[in-house]
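Please open the model in a viewer and keep the selection panel at hand. The tour below proceeds by selection, and each stop states what is found there.

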Amino acid sequence: MKKIIFLCLILFPNKGLIGSVNNNPFEYFSLSIELLKNVNNNDLHHFYQPQNGLKTSFSSPFYWGKIQASLGLIPFNGKERNYIDFIVVQPNLKWIKPLYTSSKMSFAIGGGVGLFVFSFSDLDDGFLFYNWASVTESELSSSYLSQIQYFINKKMSLTFNINIDRVYTYKPINLINISMGIGYINKTPDWIKLILQ
Amino acid sequence: MSFIFSILLIFPGLILANDFQVHDDFIEREVITGSRIENSGLFRISDIFLLTNKVRVNTIDGFTWSASINGLPSFQRQSWIVLLNGHRLGLNTFSNVNINMLPINITQIDSVEIITVPQIYNGIFTDYGLINIHTKSKSQGTVLTFSQSAGNETGDPGPYAYTKYKSPNVEIVGSGTSFVLDANNNNNSIILGMNYEGHTLTDWAMEKRVQNIYSRSDDWIIPELYPNPSIEKTSIFLNLKRTGIRNNYNILTSYTHSNKYFLFFQPMGREIPIEYIIKYVGINYYYNFSEKLEIAYRLHYSNNQFNKYPNTLDMEFDWESNNVHVNIENKFRVSSYSGKFGFGLDRYSLNTDYELDKSFYDIYNIYFQFNHELIENINQNIDFMYLFSNGKRSIKGTSITKWFINSKHKLKLILSKTERLLEEGNSLWYWSNLGYNIINPGYTINGDFNKSNIFTTDLVLESKINEKLTVAVSNYYRRFDNSYLVEQFYNINSENGNITSSPIEIFTNQGGNILGVNLSLISNIKPSITQYFQYDYQNEFYSDDLFNNTMESFPKHILDYHFSYSPIEDFSIWTKCRYISSTQWENYKNINGLAYQIIHQDTLEYSDTIEGINMIDIGIQKWFYKRKIKSNMFLRNVFNQSIRYHPIGASFDLTLFLQITLFPYNIY
């Protein structure tokens, strides 16, 4: 029941959501690259040790808030020989709602969906086109984001993110990742706007 | 008695008619519009059932769906009819109707008509309802469309695959690829379409029994690409249309081929892999002599084959069924009456090596429809059909009365009385009686296959409260007599998943009553916002035991809410919520508590009770590149509830679907 109420609050018509459509989406873009670290500890971490990862993201204003497409990579090493090492490749699409914005800082929250592609590295087969399914596992994930941006100037920013990811494997995996990096902001080229609009 | 009833239906119309109007829209239908289809996240054709709660459905594998339209259940046999642009493609085989075997793809559907009461539609009496799917068609120019879609169900093991928490893979739901060329020149139109669909059968509740009967030896292309049992369908269709001053016609030809199709064969209670082929060619032709006279003819031929696919049971259906459907109809206006008069022929034949007493049979029908204004603001339509086959006859009649109370409110009363012959369903039991001995070791019939009888009433109040709100309330009653029902109890060997069945007994004189109510609200609080709220309740009463047991497998309550918001033309967001109440399956009572999968400390068990379903879907649609690319992304079962429709069927967990449609060539 709590879930239904939560969904209703997000989705059902309300004046704030419906009344404030941005008529000039994709006006500018922000490209960032961040270092990524997994910081929580649960059942998965009994078997695997996460390493530092990397994340890159592309953000732009949307009809409401912002839209962000990102790609993350995090290696996980097995703690025993049977637990095969893997790299998580995480494409993700998020909607972000800025809650506070000034000339120097912004704070935003967001959520979205993506895929967790687990690419196992030590299988004897190796990766070939026809056997990709047997050396990788992929699963749907949802993610929630808190983001603080500090604007160094009009073109550059420092970014700090906290991500909570839930991967819908049979035994669900919850990961909390923090990331820090640098962002580049610019006007969106017309050819990109043409594609996106 | 039937004759008297039929005359009573017609008589008031003959003596009370005092004015004349043409009322072609006496068809009692629910229409699913194109805009609703666009904003609903549909992946397969069968997903249109998610947009109406007048159709109760269940499925075992997610690819073949059984449906019961508006309290007209054909019980254990599927006898509802599917048309594609008015063409009858012959999907009804072996008591199954798989709407996903149509030669089109969900992205090609423009709108769907669901005929929800027994009446005459295109020369067909819709005893158990009818679904007519209309495909998209441009009036001018040439459009090339390419579409690709895929769905991925959650529940894989992920990195736990190498730990004590390991579990089998669920794999993808499937994929779809389609290509359509729609070219128009003046009054001529040609649509050419090609489609591929794949659907994997790896759900744990059915995996063992499917794996055990499936031989992988001749997977096509590269076997490693298709390591799991899956249904693969390829199809092609060609639709030619011409609209002239006086005449117009619509020619459709199609070929649907499933190299590997898992047919759920009810008498054995399990899937059998087959090669499934459906061929079709047909024409619908209309000629206007004058405003008062139009002639239509429809000529349809379909061929339906179940060929052998390697399987461990060495089962071969050896079935090639042909249907020729001919209908000639005269639409007229005489004095104060308008209507239609027509006759038709259906020839069913079977090519098989089994020795049959007779390899074909014919069904003839003659019918008329009258509509007229009974008194001021009250219109009436009378349908009557006389049908005969093999020396037996049946009569079907419907009366539809509409009272336009005022500009906002409309009240409709629909009464129908239907007799139905065994021959009408092209049923497995009919051919078995003639020597098609596929059912081994046979079956017992208690009684004779007499005509079954259905009496229905529908009372519908439609109110357009204002420009933003439309409400419809309906109440329906159905009485079934002399229906034949099959009693069969299933067991499962939990080691290998194989299913065994008790001896099949057919009871031919079952009867019962169904009462239901339906509420529908459509709201457009803003042009960009559409909301649908629908509720349907139905229950049986005063029924024979077997009838009662069968009806227990139909949910009593269905509740739907659908919200879509399109702030601009190129973007929309939507959500659908659905509740379906629990069902009870008497014929699966012996499987209760049997385990089908053990994962670490979880034991997953079969049950003869299907718990109520709470399903919430959410999705977005976005156009790109000046409307040359359309993308859909949606999640089905957002909160990952346990959704199952059948005791031995798959569980449909949280699933992500993606659809991309390209319009690379679009010239007007």
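**First stop: a pair in chain B**

Begin with B:K576, which has a relative accessible area of 6% and is therefore buried. The model is a predicted one, and every value on this tour is computed from it. Add B:D617 to the selection; its relative accessibility is 2%, so this residue also counts as buried. The two side chains meet in a salt bridge, with 3.6 Å from N to O. Colouring by secondary structure shows B:D617 in strand β38 and B:K576 in strand β33 of chain B, so placed that the pair links distant parts of the chain, 41 residues apart.

**Further salt bridges in chain B**

Next, select B:R420 and B:D127. They form a salt bridge whose closest N and O atoms are 3.2 Å apart. B:R420 lies in strand β24 (residues 409–420), whereas B:D127 sits in the loop between β10 (124–125) and β11, and 293 residues separate the two. Both B:R420 and B:D127 are buried.

For a pair with other accessibilities, move to B:D314 and B:K308. The closest N and O atoms of this salt bridge are 2.2 Å apart. B:D314 counts as exposed because its relative accessibility is 52%, while B:K308, at 37%, counts as partly exposed.

Now select B:E28, B:K410, B:K412 and B:E462 together: salt bridges with shared partners join these residues into one network. Over all chains, the count comes to 30 salt bridges.

**An open sheet in chain B**

Display chain B as a cartoon and locate the open sheet of five strands, ordered β1-β8-β11-β4-β5, with mixed pairing. Which strands stand at its edges? They are β1 (29–32) and β5 (87–88); each has a single partner strand, so one side of each is left without a neighbour in the sheet. Within the sheet, select β8 (residues 109–115) and β11 (residues 130–135) of chain B, which pair in the antiparallel sense over six bridges. To see the register, show B:V112, which stands opposite B:I133 in β11 of chain B.

**The interface between chains B and A**

Show both chains and select the residues of chain B in contact with chain A: there are 45, and they touch 41 residues of chain A. About 4100 Å² is buried between the two chains, and carbon and sulfur atoms give 75% of that area. Highlight B:P159, B:Y160 and B:Y162, which lose the most area to chain A on the chain B side, together 18% of what that side buries.

How many salt bridges are there between chain B and chain A? The count is zero, although twelve residue pairs are in polar contact, both residues of each pair being at pLDDT 80 or more. On the side of chain B that touches chain A, the elements giving two or more residues include β12 (142–153), β32 (557–568) and β39 (629–636). Strands β33 (571–580) and β38 (613–624) of chain B are also among them; these strands hold B:K576 and B:D617 from the first stop. By residue class, this side divides into 26 nonpolar, ten polar and nine charged.

**Last stop: chain A**

Finally, isolate chain A, which has five helices and nine strands. Followed along the sequence, the pattern is α-α-β-α-β-β-β-β-β-α-β-β-β-α. Of the 197 residues in chain A, 42% are buried. Among contacts in chain A with a separation of 6 or more, 59% involve residues 24 or more positions apart.

How values were computed:
Residues numbered from 1 in each chain as written. Chains lettered and ligands numbered in written order. Predicted model: local features only at pLDDT ≥ 70, side-chain atom pairs only at ≥ 80, totals over all residues. Heavy atoms only, no water. Contact = heavy atoms within 4.5 Å. Buried area = accessible area lost by both parts, 1.4 Å probe. Salt bridge = Lys/Arg side-chain N within 4 Å of Asp/Glu carboxyl O. Polar contact = N/O pair within 3.5 Å; in protein donor to acceptor, adjacent residues only side chain to side chain. Helix = DSSP H or I, 4+ residues; strand = E, 2+ residues; numbered from the N terminus. Nonpolar A, V, L, I, M, F, W, Y, C, P; charged D, E, K, R; others polar. Pairing = 2+ DSSP bridges. Buried < 20%, exposed > 50% of the residue type's maximum accessible area, 1.4 Å probe, protein only.
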